[in-house]
Each structure stands twice: as C-alpha cells, then as structure tokens.
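The following exercises concern a ligand site and the packing of nonpolar side chains. Please work through each task before reading its solution.

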Amino acid sequence: MHKNDNLSPDALRALQTERLQKVTRHVYENVRYYGSVFDKLGMTPEDMKSLEDLRALPLTDKETLRLHYPFGMFAVPMAEIKEIHASSGTTGKPTVVAYTESDLRVWSEVMARSIACTGGTRDDIIQNAYGYGLFTGGLGVHYGALELGAAVVPMSSGGTQRQLQLMQDFGTTILTCTPSYSVYMAEQARSAGMDPRHSTLRIGILGAEPWSEGMRREIESAWDIKAYDIYGLSEIIGPGVAVECPGQDGLHVWADHFLPEVIDPDTHEPVPDGSDGMLVITTLTKRATPFLRYATKDIVSLTHAPCPACGRTSPRISRIKGRTDDMLIIRGINVFPSQIETVLMGIEETLPHYQIIVTREGALDEIEVQVEVNEKVFSDEIRGLEALEKRIRREIESVLSIAVRVKLVEPKTITRSEGKARRVIDNRKI
Ligand code: DLL
C-alpha cells in the first residue's frame, strides 16, 4: 500500500490543502485564463485557505479547453513538456492535455497504485489491450505496469486472434482493456475452440466506458476472473484517477493527487455523501495542464467511510452511473443507458451485446433496444421469442416509465468494439 493510501482524514486534508495552495499559485501565475478568473472574482491565491474556498471558483470544462486550443491552458513552457495527448474530438476541436516529467511520474505512481489495489504485483504479466496512441489508456497502464515492476505486453487494442494466441502462450495473468472488448475477446476465444475459463488470466482491470454490475458478472464468469472497474479521464491524468479494490464496493480515488467534489449539476451546490451528482475534480499536483474544478460530467456518489475490505481511507466514488450529457430525454423522461443495461444483464437469455436506437417519428421520440439473445432462444419457436421480447419490454418499461420497442437479434449481429463501445445511436435530428 502507498503511504498516502491510508492517511487519517486530518492528515489527508492537510496535504490536500497544502497542495491546493501550491497549484492555485501555479495556475494563477502561469495560465492567463485562471489569472483572469481570480482577477474577476477579486481573489488571489492567498484567499485559498481551505478546501472549501475552492467553491468560490467557476467550473472548468471541455469548452474552456477548446476555447484555448491547442496550448492556451498549458502552465509551463514547452521546454518542460514531455508528452501531449488529445481527445478524438468527435464534437468540435479536440481537447489537448500535456505532461511534464513530474506529471509522468505522478501518472506512473497512480497507475501503479491502481494495479496494486486490484491485487496486481511485479510477478504479473499484464496484457495491455487499451489503445496506445493519443488515447491515454494504453500509455497510462504501460507506465503504471513499469512502475510496479510487472511485465507489460504492449498489445494495444485489436488483433483479437493474436491477443488470444499470446495470452495463451505467455500465460497472461492480468488483462487491461474496455469491458466491452473483454466480452468480445471471450466470445472470439470460444469461437476458436478455447475455453476462456481455463486461461491463466486472474484479473481484469477494465474501464474507459460505462458498464454495470450485471456486465461485471458476465465478464467474471466468462473468464473466471475478478473484474475491477478503473476510472479516469484525459483532462485529469488519464486512467488511474480511481479504481476498485477486492471489496468491489466503490472506486478509491487517489485523493492526494485528485481532489473530488460531487455537486448538483444544475445548482452546483455540493451534495451530501451517498447522493448522486456530478463529479468535479481539482488536480492537486499536475504541472503542465492543471485544472481547478474540472467538470467531468460523470454522475457518481461519494463516500468518505474507510473501506472495510482493504483498509484504505481514500474517499470512494460509486461506479459511473451515467453522464450529464448521455442522459436521453425521451418524451420528457430522463433515461440513462445504464438503466437499460442493468435490466438486460439481469435477463438470463440475453448476451452482453446491445444497442439503443433513438428516432423521432413525427413529434414523438421512440427508443428501440436491440439485444442479442443466445442461440438456444433463437432456435426456439417464434412464440418463445415473442414472450421473451415482451418480458424484456415490460421490465425496461417498469424502470423507465416510458414505452420502448425491443428487438431480439441473433448472436454476433451487433457491431463489436475494440475500444469504447457505442451503445446509443441517436438518429433524431434535433
Ligand atoms: O477513458 C481514460 C481511461 C482509460 C480510463 C483506460 C480507464 C481506463 P477519456 O478518453 O478522456 O479517458 O474518457 C473519459 O470516459 O469522463 C467517463 O465518461 C468515461 N469513463 C472512463 N472510465 C470509466 C469507467 C479515458 N470506469 C471518460 N466507467 C470519462 C464509466 C468511464 N465511464
């Protein structure tokens, strides 16, 4: 365990406050945007006396980063920058983040702590199937594995047959990739006549996209492993912001580096522990692209209770329950894709492959849920299919309180993903 993993609440707070003051001064002096934020508020970094004082500041978000594209938010001269990453930028300009040497050390440290938190050690062989490149998943896990002293196989995503072959030949013990890709790999293994349950794999460290408890059970039983949720985002550092321990009851946030707040997304007021809200993070130690109060748009709840499973005192966030911007508003009702996934995973006959298609017919929004069902159901009589369709529809409708269409499809018909899965296709032209 890292020395900062189980600090007393007072010691953690003292460390966070000291680091907050330092990072505030750093951005005030070196990032024009933050300088003007403080000037407008009539504040100086000296006003940052406690963690609560942070609340006076506005949120920083993706839009702030885009407005200062590409390097306007950098807080150090280019000579100190070692690595630059950018998001794929499906909506507008990409967001750019950078790392100094000390940032890369922090990233390695938090990722090593994350892998260790799931039970990984230097004896493990880590097959890293997150994409290498501008996406932070590949390199983040890579740096952490090196720091931990484990052996890392830098596979990147894709090339599934080769992944499976090397996994078998090398005796891989930890797989790192998106949850959806791990499901696809297991499926491909079975098609190739391998039993994924008999592989040498013992741990999956899975994240970068939302997934449910039901999906976890599917993955754990498909591979006969323990599957842990890892969270992060490029703007904060990449993977390694928070991760589960063997208790699998919330993700430990490395709060000595990343200060979490959970706020009401509308009023921006803090919500109490245990209540859902938007996760906001302040980077306490980053040098190249530090952000004060970064609005992640991810919906979580927070707890400060020490973890009974591993003894870490670091605060925990829940699984990501959705994003403030993935919430679909269908005929006035708020729908989170995760609610639909939870229902689907609770139904034995379905496979963990689904897609949600939203259309507008006339003035009305319609949702169709397409889900694969196992071969057996499909070879059954039509009546069986219809009954199952109806059952799934009823269950989803009782959770969402709106009418949906359900379409059962044959195995392997929904597009597979090697990275982040695309679960929602919104064909409404709004
Ligand atoms: O996805 C970093 C990462 C790589 C995390 C590998 C975990 C593993 P971005 O591409 O910037 O960074 O996307 C960040 O992905 O705001 C969440 O909405 C979502 N996300 C990341 N991890 C999880 C997770 C990486 N465990 C965005 N559960 C975040 C749900 C997640 N959503």
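A residue is near a molecule if one of its heavy atoms lies within 4 Å of it. The model examined here is predicted.

**Exercise 1.** Determine which residues come nearest to the ligand, and how the shell around the ligand is composed by class.

*Solution.* Step 1: the ligand has 19 residues around it, of which Asp229, Ile230, Ser234, Asp298 and Lys420 come nearest. Step 2: sorted by class, the shell comprises nine nonpolar, five polar and five charged residues. Step 3: at least two shell residues each are supplied by α5 (136-148) and β7 (226-233); the greatest contribution, five residues, is that of β7.

**Exercise 2.** Identify polar side-chain atoms that lie within 3.5 Å of a ligand oxygen, and state what share of the ligand is buried.

*Solution.* Step 1: the side chain of serine 234 places an N or O atom 2.6 Å from a ligand oxygen. Step 2: aspartate 298 has a polar side-chain atom 2.6 Å from an oxygen of the ligand, and for arginine 323 the corresponding distance is 3.1 Å. Step 3: the ligand alone exposes 610 Å², of which the protein buries 91%.

**Exercise 3.** Describe the largest nonpolar core and the surroundings of isoleucine 115.

*Solution.* Step 1: this core has 67 residues; Ile115 is among those touching the most other members, as are Trp107 and Phe258. Step 2: helix α4 (residues 101-117) provides the largest share, eight residues. Step 3: beyond four places in sequence, isoleucine 115 contacts residues including Ile126, Val141, Leu148 and Ile205. Step 4: another core, of 45 residues, lies apart and includes Trp211 and Leu328.

Note on methods
Residues numbered from 1 in each chain as written. Predicted model: local features only at pLDDT ≥ 70, side-chain atom pairs only at ≥ 80, totals over all residues. Heavy atoms only, no water. Polar contact = N/O pair within 3.5 Å; in protein donor to acceptor, adjacent residues only side chain to side chain. Areas by Shrake-Rupley, 256 points an atom, 1.4 Å probe, with all protein chains shown as cover. Helix = DSSP H or I, 4+ residues; strand = E, 2+ residues; numbered from the N terminus. Nonpolar A, V, L, I, M, F, W, Y, C, P; charged D, E, K, R; others polar. Core = buried A, V, L, I, M, F, W, Y, C linked by side-chain atoms within 4.5 Å. Buried < 20%, exposed > 50% of the residue type's maximum accessible area, 1.4 Å probe, protein only. Contact = heavy atoms within 4.5 Å.
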